[in-house]
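Let's take a walk through this model, starting at the ligand and working outwards. Have the viewer open as you read.

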Amino acid sequence: MEEMKVTKFPEGFLWGSASAAYQIEGGWREDGKGITNWDQFVRIPGKTYKATTGDVAVDHYHRYKEDIALMAEMGLKTYRFSVSWARIYPEGRGEVNPKGIEFYENIIDECLKYGIEPMVTIYHWDLPQALVDLYGGWESEEIIEDYVNYAKTLFKAYGSKVKYWITFNEQNIFTSLGWLTAQHPPGKFDDQKTFYQVNHHVFMAHAKAVLAYREMGGTGKIGASFAYTPSYALDCKPENVMSKHDYDELKNFWWMDVYAYGRYPKAAMNYLRKKGFAPVVTKDDQKILKAAAAEIDFMGVNYYQSCVCEYNPMDGVTPYGTMNTTGVKGSAQVLGVPGIYKNPANPYLMTTDWDWSIDPVGLRYCCREITSRYDLPIIISENGLGAFDKKTEDNKIHDEYRIDYLREHLKELGKAIEEGCEVLAYCTWSFTDLLSWLNGYQKRYGFVYVDREEEEGATLDRYKKDSFYWYQDVIKQDGENL
Ligand code: BG6
């Protein structure tokens, strides 16, 4: 299709930015909060970069007013944040903690005071440890009821003020890293059978929460956020094209088809049955998934990079290898599934210091695929650049690389809109700098620099980066100056 110039983002477009509780709040034991799976996991030696934790994080728990005032100064239209389940239910179920309810109420009210639309993620990876101890967390179907109960508590408490709800953040990532690569809690390795069953439990929790929201009269918008890594076949060699097809079914449509259609992709399911990894799915489950699929209002997309697919022989690379968590370029390995696909580097794209490909067109590809395949509105719930930022002596942060990254992605998003995609919101990752789960504090994403290193003890003062002023201007001009 011909090259086009983006002129207008739609009326009421939500220019936003995002965060997650564990990565910003700190206050890990304050006001009755329960211990989470992450509070425990980060204490296992070798699990996180330089043993970093979210105990203090960037102290948003005490500085949320300052942070939201900065969002208001920037002109943000929406702020996406997550609720920590263990602040609301310290034990995961049972007694509600009023202090937890109050904390998020304060955040929501503070946003609304400035006309910022709160967008709430119900689950962004931190799970009350009590539920892990009780029945193994997501491994048991008991968790479905507890999650729905927790979600209903949030709908009841904040439903009159919050119009955008995200049930789960990146189900595909927290389950893959939790049960396949052992990099997230519960740290299980190559447990494929459990991985698919856990995912089914999460799907059911998502579906039942969506239906509960409607039963409670919720008229806002609800959906899940998926970490979408679109794929390109290495070339037109049929076996490489087929590997792309398999990759899409197993790595993308496996999740998005369930959210949008309420069913699993067939070829992938057949493959998993043969392998003995397919989840147990009852007839009732199928009905519930379908009913919920008819109720979702958008597909949430977290987009960071695309990938390349090439056929991977049976004796080829495995999904388990070194991931770059240090920022030393070139330290990531090529990974894949023997007999199906592998993901070599894309020679046409530059990469970040953490070896993530930089591909603005990939964002447009995601939007086009979702629009054609699912005909759903889209919320870009995350997109951003993790980089080493330096604060100068006069307290400036010249992050022109981040501005370039975001500008190019927004241009492609604008094109997708021109091409017919209905995009409701664009949230950058992230507003302030924050803890990158496995990569410490040195991998920075924010518009606002936070004075802290891997070790505790720095001031935690906030400084506006050049990208802060740039995005402020983009918002002011509704993207017309891109
Ligand atoms: C997404 C998550 O995977 O990407 C965020 O939703 C995360 O929580 C972000 O921080 C960036 O990833 P990373 O590994 O660079 O922190």
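A residue counts as near a molecule or strand if one of its heavy atoms lies within 4 Å of it. By that yardstick, 15 residues surround the ligand, the closest being Gln23, Glu170, Ser436, Lys443 and Tyr445. Before going on, some housekeeping: this is a predicted model, where local features need pLDDT of at least 70 and side-chain atom pairs count only at pLDDT 80 or more, while totals for chains, interfaces and linings use all residues. Residues are numbered from 1 along each chain as its sequence is written, and side-chain values use heavy atoms, leaving out hydrogens and water.

The shell around the ligand splits into six nonpolar, six polar and three charged residues. For that tally, Ala, Val, Leu, Ile, Met, Phe, Trp, Tyr, Cys and Pro are nonpolar, Asp, Glu, Lys and Arg are charged, and the others, Gly among them, are polar.

Now zoom in on the ligand's oxygen atoms. A polar side-chain atom of glutamate 382 sits 2.8 Å from a ligand oxygen, and one from tryptophan 437 is also 2.8 Å from a ligand oxygen. For glutamine 23, the distance from a polar side-chain atom to an oxygen of the ligand is 2.7 Å. On its own the ligand exposes 370 Å², and the protein buries 92% of that (Shrake-Rupley areas with a 1.4 Å probe; for residues, only the protein chains shown count as cover).

Stay with glutamine 23, which lies in helix α1 (residues 21-24); helices here are DSSP runs of H or I with at least four residues, strands are E runs of at least two, and both are numbered from the N terminus. Glutamine 23 has a relative accessible area of 2%, so it is buried (under 20%; exposed is over 50%, and partly exposed is in between, with a 1.4 Å probe and protein chains only). Its side chain makes a polar contact with that of tryptophan 437 at 3.2 Å. Such a contact is a pair of N or O atoms within 3.5 Å; within protein, one must be able to donate a hydrogen and the other to accept it, and residues adjacent in sequence count only if both atoms are side-chain atoms.

Finally, swing over to threonine 351, in the loop between β10 (341-342) and α13 (360-374). With a relative accessible area of 30%, threonine 351 is partly exposed. Threonine 351 and glycine 330 are 21 residues apart in sequence and 9.2 Å apart in space, C-alpha to C-alpha.
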